[in-house]
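Here's a quick briefing to read with the model open beside you. It goes from the whole chain to the pockets, then to the helices, strands and a few loop residues.

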Amino acid sequence: MKMLYSTIGAVLLLGMSGLFIYSTSLKSEEPKTISFFSLPNEIDFAGEKTPLHLVDVRERLDREMLINTNLHSTTTLIIKRAKRAFPVIEPILAKYGVPDDFKYLAVIESGLTNAVSPAGARGVWQFMPETAKEKGMEVNEIVDERYHLEKSTEAACKYLIDAKNKFGSWTLAAAAYNGGMGGVNKQITNQQVNSYYDLLLTEETSRYVFRILALKQIMKNPVAYGFDIPSSQLYHPIETQKIQVDSSITDLAVFAKNLGINYKILKIHNPWLRDRKLENKSKKTYVLEIPVEGY
């Protein structure tokens, strides 16, 4: 009987230990506290006022603000990358007369990285191959200028200007960047309205401008939304020197070593080089960026 009680006690102790471990693991898996905030009283995209007095418009913005505020690591990385990418993007937008707010379109397209989509879009501005070629970029197995931030930004400007001329609205131009000019124009014709905020669009396109607005609001007021990042922790621009090349390079690794860097650093600063060599039978002039320091 004494042995029976000992066995029962051991089982109970084991059970209680298991319960304690289980409850502890549950506690560690509890979701973090979600940050809440007040929506701005007013907001605009490219100078075009967002009609926040409409219930569905306020709720659509609220959704994207809530998501991006609580995707803390993702939004933190975007803010850090912007310190390096925006100084490249901003003057090109200004040169073409495209509103500065379109830099946030690049943010939501790629997170300011050379992303690759399942559909085949690539680069910070997420161009498909044919659209990229139509806008003057070289796209092949050796050189893919969708990965060239300056040239892809210029191509994006050309597309957005065409869309603005077609629709008469920068907001609709932004929507067309996602949904295509044909797709947006079809819905305008079918629904007989000419405002993005009045159109019923696909899930992705209906969220698109609101995602831009949300990132704009957060990135312009980071501390107010919980992103108090010291300047020293941002990804600052790296000084580079430009080198012109108008002939083929048979081995980019050897080429890089001759410049005092390595293959990895060459590719980081020139991601549009897609092979281990640069074939250039046409003697086209390419401009490579080589870091002065910081490698």
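One cut-off first: a residue counts as buried when its relative accessible area is under 20%, as exposed when that figure is over 50%, and as partly exposed in between. By that rule A46 is buried, because its relative accessible area is 17%. Keep in mind that this is a predicted model.

**The chain overall**

- The secondary structure adds up to eleven helices and four strands.
- The chain has 295 residues, and 41% of them count as buried.
- Take the contacts between residues at least 6 apart in sequence: 62% of these join residues at least 24 apart.
- The accessible surface is about 16700 Å², with 54% of that belonging to carbon and sulfur atoms.

**The largest pocket**

- This pocket holds about 900 Å³ of space.
- It is lined by 29 residues, and R84, L149, I268, H269 and P271 are the closest to its centre.
- Which elements supply at least two lining residues each? They are the helices α3 (72-96), α6 (149-167) and α11 (263-269), plus the strands β3 (240-245) and β4 (286-291).
- α3 is the top contributor to this lining, giving four residues.
- By residue type, the lining splits into 15 nonpolar, eight polar and six charged.

**The second largest pocket**

- Here the volume is about 320 Å³.
- The lining has 14 residues; closest to the centre are E109, Q126, M128, Y177 and N178.
- Helices α4 (103-110), α7 (170-179) and α9 (203-220) each put at least two residues into this lining.
- α9 gives the most, with three residues.
- The lining divides into eight nonpolar, three polar and three charged residues.

**Two enclosed helices, α4 and α7**

- How many of the eight residues of α4 are buried? The count is eight of the eight, so α4 is largely enclosed by the rest of the structure.
- The buried set in α4 includes K103, E109 and S110, alongside residues such as Y104, L105 and V107.
- E109 therefore turns up twice: it is buried in α4, and it is among the residues closest to the centre of the second largest pocket.
- The buried residues of α4 pack against α3, α6, α7 and α9.
- Just past the end of α4, G111 has a positive phi of about 65°.
- In α7, eight of the ten residues are buried, so this helix too is largely enclosed by the rest of the structure.
- Those buried residues of α7 are W170, T171, L172, A173, A174, A175, A176 and Y177.
- They pack against two strands, β1 (44-45) and β2 (48-49), and against the helices α4, α6, α8 (181-191) and α9.
- Y177 is one of the buried residues of α7, and it also sits among the residues closest to the centre of the second largest pocket.

**The β3–β4 pair**

- How do β3 and β4 pair, and over how many bridges? They pair in the antiparallel sense over six bridges.
- To find your way along the pair, look for Q244, which stands opposite V287 in β4.
- Five of the six residues of β4 are buried, so the strand is largely enclosed by the rest of the structure.
- Both strands are also among the elements that each supply at least two residues to the lining of the largest pocket.

**Loop residues to look at**

- A46 lies in the loop between β1 and β2. Its phi is near 55°, a positive value in a residue other than glycine.
- K283 is in the loop between α11 and β4. Its phi is near 60°, again positive in a residue other than glycine.
- Is K283 buried or exposed? At 55% relative accessibility, K283 counts as exposed.
- E279 is also in the loop between α11 and β4, and it is partly exposed, with a relative accessible area of 44%.
- Leaving aside residues up to four places away in sequence, E279 touches I142 and S248.
- The C-alpha atoms of E279 and I249 are 6.5 Å apart, although 30 residues separate the two along the chain.

Key. Residues numbered from 1 in each chain as written. Predicted model: local features only at pLDDT ≥ 70, side-chain atom pairs only at ≥ 80, totals over all residues. Heavy atoms only, no water. 1 Å grid on protein atoms, 1.4 Å probe; cavity = no way out; pocket = protein on both sides within 12 Å on 5 of 7 lines; lining within 4 Å. Points joined across faces, edges and corners; volume = space filled by probe spheres on them. Nonpolar A, V, L, I, M, F, W, Y, C, P; charged D, E, K, R; others polar. Buried < 20%, exposed > 50% of the residue type's maximum accessible area, 1.4 Å probe, protein only. Contact = heavy atoms within 4.5 Å. Areas by Shrake-Rupley, 256 points an atom, 1.4 Å probe, with all protein chains shown as cover. Pairing = 2+ DSSP bridges.
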